[in-house]
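Subject: Structure handover

Hello,

Please find the structure for your review below. My notes on what was found in it follow.

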Amino acid sequence: MIRHFTLISNVKNGEVIDPKKVKHGEVTALKISNLSGWIDQQTHLNLDFPKHLMREVYIAENLDVGGKVMLKDERFMTALVRPLAYKHFGFVDEAERAEQLKEAILKESK
């Protein structure tokens, strides 16, 4: 499962300080096993694209493959994205975004 991760230093009082400093990743054995680039605010923080809003973020000691995912009471530690972080960025063409993502993945694999 793909999750959103940020550093503990980007969290204060249970909220994400800078929601643009979040990456997509996967977890294996309580460590980040796969990690991508920074989230796209046009999709993750866009009030005009509500089905893709990033609301909760998992916390890691390091944003690197192998970085330890932090726990609290034997559960992944999380932080919430503050409502004021969301803005209106306009319409998002999902088909175009999917094509851009596919092209970026192909480019990166070369």
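I begin with one bridge: Arg3 has Gly25 in strand β4 as its partner. Arg3 falls within strand β1, which covers residues 3–7, and β4 covers residues 23–28. The two strands run antiparallel and are joined by three bridges. Strands are counted as paired if DSSP finds at least two bridges between them. Strands (E, at least two residues) and helices (H or I, at least four residues) are DSSP runs, numbered from the N terminus.

Before going further, a word on the source. This is a predicted model, in which local features need pLDDT of at least 70 and side-chain atom pairs count only at pLDDT 80 or more, while totals for chains, interfaces and linings use all residues. Residues are numbered from 1 along each chain as its sequence is written, and side-chain values use heavy atoms, with hydrogens and water left out.

Overall picture

The protein chain has two helices and nine strands. Along the sequence they come in the order β-β-β-β-β-α-β-β-β-β-α. The radius of gyration, taken over C-alpha atoms, is 15 Å, which agrees with the value near 13 Å for a compact globule of 110 residues. That globule rule is 2.2 Å times the number of residues to the power 0.38. Taken along the principal axes, the C-alpha atoms fill a box of roughly 40 × 40 × 20 Å.

Of the 110 residues, 31% are buried. Here buried means under 20% relative accessible area, exposed means over 50%, and partly exposed lies in between (1.4 Å probe, protein chains only). The chain exposes about 7,600 Å², and carbon and sulfur atoms supply 54% of that area. Accessible areas come from the Shrake-Rupley method with a 1.4 Å probe; for residues, only the protein chains shown count as cover.

A contact means heavy atoms within 4.5 Å. Among contacts between residues at least 6 apart in sequence, 59% join residues at least 24 apart.

The chain has 17 positive and 16 negative charges, and their mean positions are 4 Å apart. Lys and Arg count as positive and Asp and Glu as negative, with His and the chain ends not counted. Each charge is placed at NZ of Lys, CZ of Arg, CG of Asp or CD of Glu.

Strands β1, β6 and β9

Besides its pairing with β4, strand β1 pairs with β6 in the parallel sense, over three bridges. Phe5 stands opposite Tyr58 in β6, and Thr6 has Ile59 in β6 as its bridge partner. Four of the five residues of β1 are buried, which leaves the strand mostly covered.

Strand β6 spans residues 56–60, and four of its five residues are buried, so this strand is largely enclosed by the rest of the structure. β6 is also joined by three bridges to strand β9 (residues 78–80), and these two run antiparallel. In this pairing, Val57 has Ala79 in β9 as its bridge partner.

The β4–β5 hairpin and two positive phi angles

Strands β4 and β5 run antiparallel and are joined by five bridges. One facing pair is Lys23 and Trp38, the latter in β5. The two strands form a hairpin with two residues between them, and Ala29 in the turn has a positive phi of about 55°. Ala29 counts as exposed, at 68% relative accessibility.

Asn13 also has a phi near 55°, a positive value in a residue other than glycine. Asn13 sits in the loop between β2 (11–12) and β3 (15–16). Its relative accessibility is 74%, so Asn13 counts as exposed.

The helices

Gln41 is found in helix α1, residues 41–44. With a relative accessible area of 32%, Gln41 is partly exposed. Leaving aside neighbours within four places in sequence, Gln41 is in contact with Lys20, Asn46 and Phe89. Met54 lies 13 residues from Gln41 in sequence, at 9.3 Å from C-alpha to C-alpha.

Helix α2 covers residues 94–109 and includes Glu108. Glu108 is exposed, with a relative accessible area of 71%. Glu108 and Ile39 are 69 residues apart along the chain, and their C-alpha atoms are separated by 17 Å.

Regards
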